[in-house]
Number of protein chains: 2
Amino acid sequence: MKERDSESFESLSHQVLPKTSNGESLSHQVLPNTSNGESLSHQVLPNTSNGTHMIQMAMANSGSSAAAQAGHQDQPDRSKWLLDCPEPPSPWHEVKSYVKGSFLTKLKRFKSLQKQPLPKRTLSILQAVFPIFGWCRNYKLTMFKNDLMAGLTLASLCIPQSIGYATLAKLDPQYGLYTSVVPPLIYAMMGTSREIAIGPVAVVSLLISSMLQKLIDPEIDPLGYKKLVITTTFFAGIFQASFGLFRLGFLVDFLSHAAIVGFMGGAAIVIGLQQLKGLLGITNFTTNTDIVSVLRAVWRSCQQQWSPHTFILGCSFLSFILITRFIGKKNKKLFWLPATAPLIAVVVSTLMVFLTKADEHGVKTVKHIKGGLNPISIHDLDFNTPHLGQIAKIGLIIAIIALTEAIAVGRSFAGIKGYRLDGNKEMMAIGFSNVIGSFTSCYAATGSFSRTAVNFAAGCETAMSNIVMSVTVFVALECLTRLLYYTPIAILASIILSALPGLIDINEAIHIWKVDKFDFLALIGAFIGVLFASVEIGLLVAVVISFAKIILISVRPGIETLRRMPGTDIFADTNQYPMTVKTPGVLIFRVKSALLCFANASSIEERIMGCVNEEEEEENIKSNAKRKILFVVLDMSNLINVDTSGITALAELHNNLTQAGVELVLVNPKWEVIHKLNQAGFVSKIGGKVYMTIEEAIDACFGLKV
Amino acid sequence: MKERDSESFESLSHQVLPKTSNGESLSHQVLPNTSNGESLSHQVLPNTSNGTHMIQMAMANSGSSAAAQAGHQDQPDRSKWLLDCPEPPSPWHEVKSYVKGSFLTKLKRFKSLQKQPLPKRTLSILQAVFPIFGWCRNYKLTMFKNDLMAGLTLASLCIPQSIGYATLAKLDPQYGLYTSVVPPLIYAMMGTSREIAIGPVAVVSLLISSMLQKLIDPEIDPLGYKKLVITTTFFAGIFQASFGLFRLGFLVDFLSHAAIVGFMGGAAIVIGLQQLKGLLGITNFTTNTDIVSVLRAVWRSCQQQWSPHTFILGCSFLSFILITRFIGKKNKKLFWLPATAPLIAVVVSTLMVFLTKADEHGVKTVKHIKGGLNPISIHDLDFNTPHLGQIAKIGLIIAIIALTEAIAVGRSFAGIKGYRLDGNKEMMAIGFSNVIGSFTSCYAATGSFSRTAVNFAAGCETAMSNIVMSVTVFVALECLTRLLYYTPIAILASIILSALPGLIDINEAIHIWKVDKFDFLALIGAFIGVLFASVEIGLLVAVVISFAKIILISVRPGIETLRRMPGTDIFADTNQYPMTVKTPGVLIFRVKSALLCFANASSIEERIMGCVNEEEEEENIKSNAKRKILFVVLDMSNLINVDTSGITALAELHNNLTQAGVELVLVNPKWEVIHKLNQAGFVSKIGGKVYMTIEEAIDACFGLKV
């Protein structure tokens, strides 16, 4: 197959070779896909809405063979094509076609289904909503063996992490376990990723506790706080599902990659600082999350009361976990060692506390964990709370951060395995996981960085590993919760601490610094904002910097001077290509920004006038005679739009140039730009001097003079 | 002179004609300004910083005559030029060179002065700071005759308007007159406009009263309110002068033209509504400026108490002023009639009230106006107020709005007379006018739309007309204030009302609607915001919409499919040019937005993949055989920058295309883009397949295949 393709392209490549020695063949060259003798003008007929194009087309076509020999004689016609191009779609039209595009494809697919018989139709719809019906039909026993191993490994990491993250979210430990039962099941049915491990994660847990405890203090009113968390989870799920349903995935893109790297790094340090409470066995702690408040609280507590036993216990098991991770990295076959190390730590430390009765000597333990399956929590959804607006806002933030994490981790592993994630389906799956989760006492779940990596390393094949993990956690909830009574809290802290280095990506930060200083500014803004102010302020700083950058770059007032590249008809920036050469009598400028608008139009106009005056002065000094600039060619190919201020500035430029005896010529304006210039009457004001290329413009300029 | 130029260009135009039949002459063509036999490679030596360019240059140059005959054989070298271009200036470097450019020119000018003898040096510096020393040396008696007439006409309009605007600003009437004495004098010495008439204006007066009366109620604490106004004026002046000094004129550009049209229209209606108080003789009025509050207050007052005498008086004189304006428009020679009508109205109505003793029958009059020259008010500047932050903010808003109005009106009349305004000097002049004004009991002054038009129509020649006006107003303050005791307030209201239609520019609004729907949205946003919320909210809405538009357009995720224009090597958007034709085996895309960044990178990547898949499906259906897309050419000429997310998306696109057996080729990346792609190692990842033009890229693609 491949061979035949390259053969057929051997002949094609001859066709597209430009400027063959005999001009005659050119008109044939540009006729693709026409084996019969139909001429080009017939081909384009269906596409042209108004008649003028067809006529010009026919003219251009009939003259094309001659044109190829004689050079650029037919160029003025092309500038007519430019001026008479059809009207561009209005913004309203673009929105409409976007919405249509999103929903019509779904509708079409649905309609095409209606022709099929009922069982097949049902199956197709089921498969579209629940991808599990697609892959489980080809599911084999060997795959299950791999998934079982991966799921069990996952569970051994998940149980201690879940309990730890629940305490980070200021919830009772069992809520972490609940969150590892229901959402993974829902996700396994609806998600398209094969590796992602769903459950509670560190950053979302931090977000929940840091933002919600301002509304209700969990230590004063734990029930009210729990209701708040459940309601927030519901909102987050609804937001996520609707992002997927209405194809609003781009909302997730509003956090730039750099901002996320900075945010995650800052959040990891904040989470780490929070663990100092557990690791040091401090009782009085601050509810603020910024580094200054936390360190002050730690300093104050350390002077009064802290538990050295707890600290030694926590640190030694932290070292154990980190060493196993180091071994696992050196020897890829021992991947199960770091994955099970947290569980081993929990078991060993629990035994130690139980045997030494350390809990009577100041080592705090988890105490009672309520066992049994997730209780129903629909009655906990509270829409009459006065905090509803706040909850919705927090739900939105959590929805976006959770999706960002899940999609980032899902995409990177899908990339390794070479398949594509459907972003919208992912958002639906995670959204529904959280909505159903909020009915069953779960808090916000998403894809975990660390556990997904373990799942992948353990060789999972499908989302079945999530189901295995879910079942294992369920069994643990039923049978093993009483065994965790003596588990020291310091161990949970050290398990969370051990997961944090994965969130701090210093290499990526260095890479961003190297490639894009402005991106790095957003990164540092988010990092410092999270660390020294609060999670929300960090996010806000990152978003503001990211968008300020877009504005700055798009409207940065700058012009480039273009000159001819030697031996070509290409005109390029003199700074980028120092080998370019001048064309006497003509100055060619290109606007550096993407928009000619209120924010930059008048300074760009001033700069062009300044350049023209400077150039004339220079020429006069150099040649001692008065040599004049006769034409200013403005290459508009960069501009994707102008506004009314931009057009006013162009008109002013034209007036000023005319007074100086210089003609203004425009080159290659984009569709919307030429349309607006036409509408505003600017094209007729400059006598229709608009050309497709700089070459054509210069030819036309001097052609008129001769 | 002109003739000789065109002659010399006749010969030049031969030089720049591209693709002459003998390729030999091409290398001579591109050698501009070299009459002696020096070769091109010598010419470019000083410009090239690293050696590789020089070598490539020499290669390209030596081969150029052959290249012109053989077509595009030397293209791969050009793609090397692209890849090895020098490093673009960093953002930091750009800021530095901007600052340098701003101040070095001043420094240079100053240094060049130092060589001159002392008297000449002093004069030059004086002329630079006070342009009056420039033009007054050539001032002639005939010019003074014109300026005297214009100044007197101006004064007759200015006196009633100033009193009216002072009441709008909730100050005693004499403050309006004070503001028409000092600022015009200062401006006449420092300003560069010849027509602009400086003094109090409606919109700034409204801004002052609407924003400052929230801090101190002028009816409860008039002295405190006066201090507030004087301090705000000082701040506004300082801001304006520093904008001029530090060349920050672009800050004034942050209000788009459309936003100003909407804002002015809304403000005019708000000012008109405020005049209902004077026109109806209402005593209890609201301090809010939004239309709903004002109309409710009017409605409530009308049911209780209003003065029919006042209303009839006001309306009849309003009609008189409007009729004279109509006559003045029909017959341009009678321009003095609308200009003096307000003064006539004041004189006649004052006489009427005096004779009929209408003030004893409910017609409110101005009462006592304090006469005499501006008192010194330096002691009124209050920097210890708790409102200092608020005052500075309001000062900034007033500074920007006032400058916007002055520069807009100054530029439009300078345009008519064919000279250029120096924006920075204008800002300095108005700024110093207000600073000195704040020392002499003036409130914020700026260039007035209506009075500048009168000044122009009255035939002013220089800023001397401002001096004449200032002296006249000063005389009036000394001698005539007692005569204004019986002037009815309704007349002042009708004078203000008569000036408002000039602020509402419906034609411009229609024009903006036609040219740019999004600009119109900013216009309507500002209009509705001012009308229904408050002046500040209107401005905020306008700024937010304007910048949201920039972001939306710059990062709108869209791609264009390019095809070859028949008979050329130009590739253009298929939608804009329906006559373009396909090149088989190749898909050419161009990104529609200006940035490939976090906000659009992944959707652009998805769209390109979608197009590739669609195209392959279509081809397969059409030809019944498997015809494959072999290359995707991505034209990057639109992109002015990428960020790290953009590079990640490109890498993902490359991976996905490679998996589908398609090669990715980049064309014409801008300086900063290619630099970042190089830094991130993306160029080497795609095997250096980066070309200058689409034509070259296609040639290279198929050249490799053959």
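1. The face of α24(A) turned away from its buried side carries I506(A) and I510(A), both exposed. Exposed means that 12 or fewer other C-beta atoms lie within 10 Å of the residue's own; buried means 20 or more, and partly exposed is in between, with C-beta atoms placed from the backbone. Helix α24 of chain A spans residues 506-515, and H511(A), I512(A) and V515(A) are buried there. These three cover an arc of only 100° around the axis, so they sit on the same side of α24(A). The arc is taken from the directions from the helix axis to the C-beta atoms.

2. This is a predicted model: local features need pLDDT of at least 70, side-chain atom pairs count only at pLDDT 80 or more, and totals for chains, interfaces and linings use all residues. Residues are numbered from 1 along each chain as its sequence is written, while chains are lettered from A and ligands numbered from 1 in the order in which they are written. Helices (H or I, at least four residues) and strands (E, at least two) are DSSP runs, numbered from the N terminus.

3. What do the buried residues of α24(A) pack against? In chain A, the partners are α15 (257-280) and α25 (517-533). Chain B supplies α28 (644-659) and α29 (671-679).

4. Now the strands. In β5 of chain A (residues 586-591), 6 of its 6 residues are buried. V586(A), I588(A) and R590(A) point one way from β5(A); L587(A), F589(A) and V591(A) point the other way. In a regular strand, side chains alternate between the two faces of the sheet.

5. β5(A) pairs with β3 of chain A (residues 559-564) in the antiparallel sense, over 4 bridges. Pairing requires that DSSP finds at least two bridges between the strands. E560(A) stands opposite R590(A). With β7 of chain A (residues 631-635), β5(A) pairs in the parallel sense over 5 bridges. Here L587(A) is opposite V632(A).

6. V632(A) returns in the largest nonpolar core, which has 394 residues. Such a core is a set of buried Ala, Val, Leu, Ile, Met, Phe, Trp, Tyr and Cys residues joined through C-beta atoms within 7 Å. A267(A), V632(A), V633(A), A267(B), V632(B) and V633(B) touch the most other members. Beyond four places in sequence, the contacts of V633(B) include V586(B), I588(B) and V665(B). Contact means C-beta atoms, placed from the backbone, within 7 Å.

7. T179(A) lies in helix α11 (residues 173-179) of chain A. T179(A) counts as buried because 34 C-beta neighbours lie inside 10 Å.

Notes. Contact = placed C-beta atoms within 7 Å.
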